[in-house]
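Open the model in your viewer and keep the sequence panel beside it. The stops below are given in the order in which to select them.

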Amino acid sequence: MAKNTSGRGQRDLTVKVKTARGRKLSSTRWLQRQLNDPYVKRAQTEGYRGRAAFKIMEVDDKFRFLVPGARVVDLGCAPGGWCQIAVKRVNALGERSDKKVGRVLGVDLQEIEPLAGAEMHTLDFMIENADDQVKEWLGGKADVVMSDMAASSSGHKQTDHLRIISLCEAAAYFAFDVLEEGGTFVAKVLAGGAEGELQKLLKQKFLKVANVKPPSSRSDSSEKFVVATGFRG
């Protein structure tokens, strides 16, 4: 390794981003954070579609719901990072001949770039009969319903919290319609005080409900993930 001869010690390698004309300071900070985020760099190196892939990886390492043979529905799946992890872990490509082959179905409002081992569909899961459409595509019910969805930011913390809780509740009700008994529901929420009703609802429908903040979730973010296991049917 080359020696530092500047007399100042090791040089700070943090990438600095100048505020460009027309760019807000908040945008500059976001860009600088992205450029210096180790999970962003890992995602690029390892071929994942986003740093969020590590979040579902770490949550599954703890709760083990993405098992070979599982049928998975990923709501709001764009850009597809969660699906990438699910494809590997449920053996959707049949790469492990000694394990059951699973299914991964991703749905989103926007068209998603194809992903080997996953079935990507453009669908609003909140429209009437969306659950029936998903079950038709799957050929039955799902073992896992997961969601990393977040409503568009309004810039008002409490409003954004209420929006994502509402979205998570909608995902939960969808899960009640498509999950097999014993199934798992995983969703991102934002801590902020309004998630109590969601927790109460999930505890009525599942045997266990846990909350977790994976290591890859930024420390300055209020996001956490609710993991509900053992769907009562």
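This is a predicted model. Start by selecting residues 71–75, strand β1, together with strand β2: the two pair in the parallel sense over 5 bridges. Within that pairing, Leu-75 has Val-107 of β2 as its bridge partner. Now add residues 81–89, helix α4, through which the chain crosses from β1 to β2; this β-α-β crossover is right-handed.

Stay on β2, residues 103–108. Buried residues make up 5 of its 6 positions, so the strand is largely enclosed by the rest of the structure. β2 also pairs with strand β3 (residues 119–122), again in the parallel sense, over 4 bridges. To see one position of that pairing, select Gly-106, which stands opposite Met-120 in β3.

Next, show the largest nonpolar core, which has 34 residues. Val-73, Leu-75, Val-145, Phe-174, Phe-185, Leu-202 and Phe-206 are those with the most contacts inside it. Helix α6 (157–178) gives the most to this core, with 10 residues. Center on Val-145 and leave aside its neighbours within four places in sequence: its contacts then include Val-73, Leu-75, Phe-174 and Phe-185. Apart from this core lies another, of 30 residues, among them Phe-65, Trp-82, Val-90 and Val-186.

Move to helix α7, residues 196–205. Its buried residues are Leu-198, Gln-199, Leu-201 and Leu-202. These cover an arc of only 160° around the axis, which puts them on the same side of α7. Rotate to the face turned away from that buried side to find the exposed residues Glu-197, Lys-203 and Gln-204.

Finish with the aromatic rings. A search of the whole structure finds 6 aromatic pairs. Select Tyr-173 and Phe-176, an edge-to-face pair at 5.5 Å centre to centre with 75° between the planes. Both lie in α6, 3 residues apart, about one turn of the helix. Is each ring residue buried or partly exposed? Tyr-173 is partly exposed, with a relative accessible area of 48%, whereas Phe-176 is buried at 13%.

Then select Phe-206 and Phe-231, a tilted pair at 5.2 Å centre to centre with 45° between the planes. Phe-206 lies in strand β6 and Phe-231 in strand β7, so the pair ties together parts that are 25 residues apart in sequence. Phe-206 counts as buried at 1% relative accessibility, and Phe-231 does so at 4%. Show Tyr-173, Phe-176, Phe-206 and Phe-231 together: ring pairs link them into a cluster.

Methods. Residues numbered from 1 in each chain as written. Predicted model: local features only at pLDDT ≥ 70, side-chain atom pairs only at ≥ 80, totals over all residues. Heavy atoms only, no water. Buried < 20%, exposed > 50% of the residue type's maximum accessible area, 1.4 Å probe, protein only. Pairing = 2+ DSSP bridges. Right-handed = clockwise from strand over helix to strand, strands pointing away. Arc of directions from axis to C-beta. Core = buried A, V, L, I, M, F, W, Y, C linked by side-chain atoms within 4.5 Å. Contact = heavy atoms within 4.5 Å. Phe/Tyr/Trp six-rings, centres within 6.5 Å; stacked < 30°, edge-to-face > 60°.
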